[in-house]
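Student: Could you take one part of this structure and look at it closely with me, describing how it is set among its neighbours?

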Amino acid sequence: MEWIDASMPLEAETTPWPGDPSFELTPLGRIGKERSSNTSKISLGVHTGTHVDAPWHYEPDGKRLHEVDSSLYFGEALVLDFTGVRRITAEMLRGRRLLKRLLFKTSASERPHDAPFDEQFPAITGDAAAYLVEQGVRLVGIDSPSIGAFKEPGRDTHHILLRAETLIVENLRL
């Protein structure tokens, strides 16, 4: 199986979610007279860079990351190109062959990881999320900072996917 890294680099300049702390890598020790290894401390908001949303992120009784089936993160995935589309709807997905792992490539992949936060980033609508669950999709990834629109009322997209234990991966680079 070919391994493809679709993650965003983590650097001090990586754009965080508004209000979240930026990524920091602080050296704690370096190889020398008193150290046999290099050590560092990492600090960041969990929504920084490429990350996953476990059901517990939005569902009080949802599974936490260590409780989900991690095998869903590995294997064949279908990449759908929606470059230039701001809102991906169910109608846009109907009639397509879908796999259990589905990744959405949008214009967000073209933005540098240190570009200012764009509140108009591409996202999936609630009806599209419901359609994906209905079709048996178990993992949905997108290159935007969130699967749902910024300040989406009720966070419908997240709730629909996470209640069905469909895992979410955000901030990919496709």
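Tutor: In this predicted model, strand β4 (residues 78–81) and β6 pair in the parallel sense over four bridges, and within that pairing Val-79 stands opposite Leu-103 of β6. β6 also pairs with β8, again in the parallel sense and over four bridges, with Phe-104 having Ile-142 as its bridge partner in β8. Beyond these pairings, β6 is mostly covered, since five of its five residues are buried. The burial concerns both faces of the strand: Arg-101, Leu-103 and Lys-105 are buried on one side, and Leu-102 and Phe-104 are buried on the other. Leu-103, which faces Val-79 across the bridge to β4, and Phe-104, which is the partner of Ile-142 in β8, therefore belong to opposite faces of β6.

β6 (101–105) also appears in the surroundings of helix α2, as one of the elements that cover the buried residues of that helix. Those buried residues of α2 (residues 126–134) are Gly-126, Ala-128, Ala-129, Tyr-131 and Leu-132. What covers them includes, besides β6, the strands β5 (87–88), β7 (123–124) and β8 (139–142), together with the helices α1 (90–93) and α3 (156–163); β8 is thus named both here and as a pairing partner of β6. Just after α2, Gly-136 takes a positive phi of about 85 degrees.

How values were computed
Residues are numbered from 1 along each chain as its sequence is written. This is a predicted model: local features need pLDDT of at least 70, side-chain atom pairs count only at pLDDT 80 or more; totals for chains, interfaces and linings use all residues. Side-chain values use heavy atoms; hydrogens and water are left out. Buried means under 20% relative accessible area, exposed over 50%, partly exposed in between (1.4 Å probe, protein chains only). Helices (H or I, at least four residues) and strands (E, at least two) are DSSP runs, numbered from the N terminus. Contact means heavy atoms within 4.5 Å. Two strands pair if DSSP finds at least two bridges between them.
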